[in-house]
Amino acid sequence: MSKIVLGVGGGVAAYKSALLLRALTEAGHDVRVVPTASALRFVGAATFEALSGNPVSTEVWDDVPEVAHVRIGQTADLVVVNPATADLLARAAAGRADDLLTATLLAAHAPVVFVPAMHTEMWLHPATQDNVATLRRRGAVVLPPAVGRLTGPDSGPGRLPEPADVAALAEVVLAGGAAALRQDLAGRRVVVSAGGTREALDPVRFLGNRSSGMQGWALARVAAARGAEVVLVAANVEAPAPFGVRVVPVGSAEELRTAMHAEAAGSGDRGPADVVVMAAAVADFRPGTVAASKLKKGSAGEPTALDLVRNPDVLVELVGGRPAGQLLVGFAAETGDDEADVLTHARAKLQRKGVDLLVVNDVSAGRVFGRSDNEVTVLAADGSASPVLSGPKDTVAAGIWDAVSAALPPR
Ligand code: CTP
C-alpha cells in the first residue's frame, strides 16, 4: 500500500477524479484528495471524503496545527494531479504556494504526475507548452492529453485520459519513479499488435487462443505516455482503447498481416514506424476451407477432421521488408524442456526470426495467460538478456520500452 496524494484541478473533467480515486483505493492505496477551491465547484468534498476515507481541505488555513501544507507533500509516495488545468500547470511551474495543492507540490519529495485536461487552444498555447516543458525539466511527469471529444462540441488534444489508464500509469511511477514515464519516445511512431487472432471455420465458429491482449494494451498505453504516436492493431480485444492510441481492429491472421504491413510502412504524411512490436498471438494455422454456411451435425457435410494450412509468419515478413532504421520486437512464449532451457530456446528463435529484441515469457506450468501480472526477459540481438521484468503489465511494459529506447538508432 502506498500513500498517494490526488490533486484535483478546477475543470469539468474533475468528475473523473472520483473514478480515479476509486481505482486507486481499490488497488489498496491510501489516498488523500487535495482539490483546489474551484475543483470543489465541480465535485463536492463529501464525495472525495467518502471515497477516500480521509478529510479534504483546500486551504493552508485548515488544520493549521498539523502543518498540512508541508506534511501532506512530505509523506506522499506519489502525487497525481488529475485533472491538471492550464492554470494549475502555470501555478506549479511558477512555484506558487497559494493554496494547499500548490503548497503540497512544493513540499513533495515523491514523483509528481500531472494529467492535463483543457481545451485544445489552451493546451497548445506557448504559455502552457512552456510550463509543461519547465515541469518536465524539473523531473515531473506531464502526460500528453488524450485526443477526442472535449466539453461542448470541440474535439482535439486536451481530453483527460480515462481513470483506468491513469491508475495503471500511477503504478508504473510508483514502481519505477518519474523516469519510467520520461518523454524518450516523443516524435517516434510505434505500432503494436495485441490480442489473439481468430481463424474462421464457418460463419459462427473459429479457432482462437487465450491471449487477453492486456500486455499489448499496456505497451501502447506506456508508449503514448512516453510521447510516442501509437497505433494498436488489436485482434479481438474488447477493452476500451488506451488513451492517445489509434486502434485498428482486426480478426484473422490475414487481416492482422495486412494491417501490420500498412501501419509499419506508413502512408501519405505518416512515415514508416520507428518501432514495431508483435505482441499478438497469431495463429500459426487456419482451416484450409471456410464453410460458407454453418456446419451442421448429422448433415452430409459433417466434418470429421480439421484440415489446416500454415499462416505466414507476419513478424518474419516485417523483418524482411523493413525500412532502414526500423526496430522489430517479437514476443516468444517458451517452456524449458530436456533439450534446453527457456533462454536457449529463445535465443534460437531470435536468430530464426531476425528480430532486434525478443520479449521472452516463461509459460512453463500454465503461467501468464489471463493474469494481470507478467514476468519477462528481453533478449537483444547480441544474445544479452535484460534483468527479469516482473509486476503489473504496465510496469513490465515500461521495462520493455527501456530496452527498446536503448536499442533505437539516434535521430
Ligand atoms: N508471429 C507472427 N506470425 C505468426 C506467428 C507468430 O508474426 N504467424 C509472431 C508473434 O506475434 C510473436 C512471435 O512471432 O511476436 C512468436 O513466434 P512463434 O514462432 O509463433 O512463437 P511460438 O508461438 O512460441 O511458436 P513455436 O511453436 O514456433 O515455438
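**Entry 1: the pocket lining**

I looked up the lining of the largest pocket by residue class, and it has 19 nonpolar, 13 polar and 8 charged residues. I note here that I am working with a predicted model, so every value below is computed from that prediction. For the volume of this largest pocket I read about 970 Å³. The lining is made of 40 residues, and those closest to the centre of the pocket are Ala 279, Ala 280, Ala 281, Val 282 and Phe 331. I then asked which elements give two or more residues to this lining, and I found strand E8 (189-195), helix H10 (214-225), H12, E16 and H13.

**Entry 2: the ligand**

Next I looked up the surroundings of the ligand, where I found 14 residues, of which Met 278, Ala 280, Leu 315, Lys 349 and Lys 353 come nearest. Ala 280 is also listed among the residues closest to the centre of the largest pocket, and a backbone N or O atom of Ala 280 lies 2.7 Å from an oxygen atom of the ligand. For Leu 315 I wrote down a similar entry, with a backbone N or O atom 2.8 Å from an oxygen atom of the ligand. At Pro 312 the ligand takes part with a nitrogen atom, which is 3.0 Å from a polar backbone atom of that residue.

**Entry 3: Lys 349 and its partner**

Having met Lys 349 beside the ligand, I wanted to know which residue forms a salt bridge with Lys 349. The partner is Glu 334, and the closest N and O atoms of the two are 2.9 Å apart. Glu 334 lies in strand E16 and Lys 349 in helix H13, so this salt bridge ties together parts of the chain that are 15 residues apart in sequence. Are these two residues buried or exposed? Glu 334 has a relative accessibility of 9% and therefore counts as buried, and Lys 349, at 16%, counts as buried too; the cut-off for buried is under 20% relative accessible area.

**Entry 4: other salt bridges**

I looked up how many salt bridges the structure holds, and the number is 24. As a reminder to myself, side chains of opposite charge can pair when their charged atoms come close.

One of the salt bridges joins the side chains of Asp 356 and Arg 322, at 2.8 Å from N to O. This pair links distant parts of the chain, 34 residues apart, with Asp 356 in the loop between helix H13 (342-353) and strand E17 (357-362), and Arg 322 in the loop between helix H12 (314-320) and strand E16 (327-334). Asp 356 has a relative accessible area of 22% and is partly exposed, and Arg 322, at 26%, is partly exposed as well.

A further salt bridge is formed by Asp 98 with Arg 96, whose closest N and O atoms are 3.2 Å apart. I checked the accessibility of both partners and found Asp 98 partly exposed at 37% and Arg 96 partly exposed at 44%. I also noted that Asp 98 and Arg 96 belong to a network of salt bridges that links Asp 87, Arg 91, Arg 96, Asp 98 and Asp 99.

**Entry 5: backbone details**

For the backbone I kept in mind that most residues other than glycine have a negative phi, and most peptide bonds are trans. Against that background I recorded a cis peptide bond that joins Asn 82 and Pro 83, with omega about 0°. Pro 83 has its place in strand E3, which covers residues 78-84.

Where does Asn 236 lie? I found it in the loop between strand E11 (229-235) and strand E12 (245-250). Asn 236 is not a glycine, yet its phi is positive, at about 60°. Its relative accessibility is 27%, which means that Asn 236 counts as partly exposed.

**Entry 6: two single residues**

I turned to Arg 32, which is placed in strand E2 (residues 30-35). Arg 32 counts as buried because its relative accessibility is 14%, and a polar atom of its side chain lies 3.2 Å from the backbone oxygen of Pro 55.

Last, I looked up Glu 255, which is found in helix H11 (residues 253-265) and counts as partly exposed at 44% relative accessibility. Between the C-alpha atoms of Glu 255 and Glu 171 I read a separation of 34 Å, the two residues being 84 residues apart along the chain.

Key
Residues numbered from 1 in each chain as written. Predicted model: local features only at pLDDT ≥ 70, side-chain atom pairs only at ≥ 80, totals over all residues. Heavy atoms only, no water. Salt bridge = Lys/Arg side-chain N within 4 Å of Asp/Glu carboxyl O. Buried < 20%, exposed > 50% of the residue type's maximum accessible area, 1.4 Å probe, protein only. Helix = DSSP H or I, 4+ residues; strand = E, 2+ residues; numbered from the N terminus. 1 Å grid on protein atoms, 1.4 Å probe; cavity = no way out; pocket = protein on both sides within 12 Å on 5 of 7 lines; lining within 4 Å. Points joined across faces, edges and corners; volume = space filled by probe spheres on them. Nonpolar A, V, L, I, M, F, W, Y, C, P; charged D, E, K, R; others polar. Near = heavy atom within 4 Å. Polar contact = N/O pair within 3.5 Å; in protein donor to acceptor, adjacent residues only side chain to side chain.
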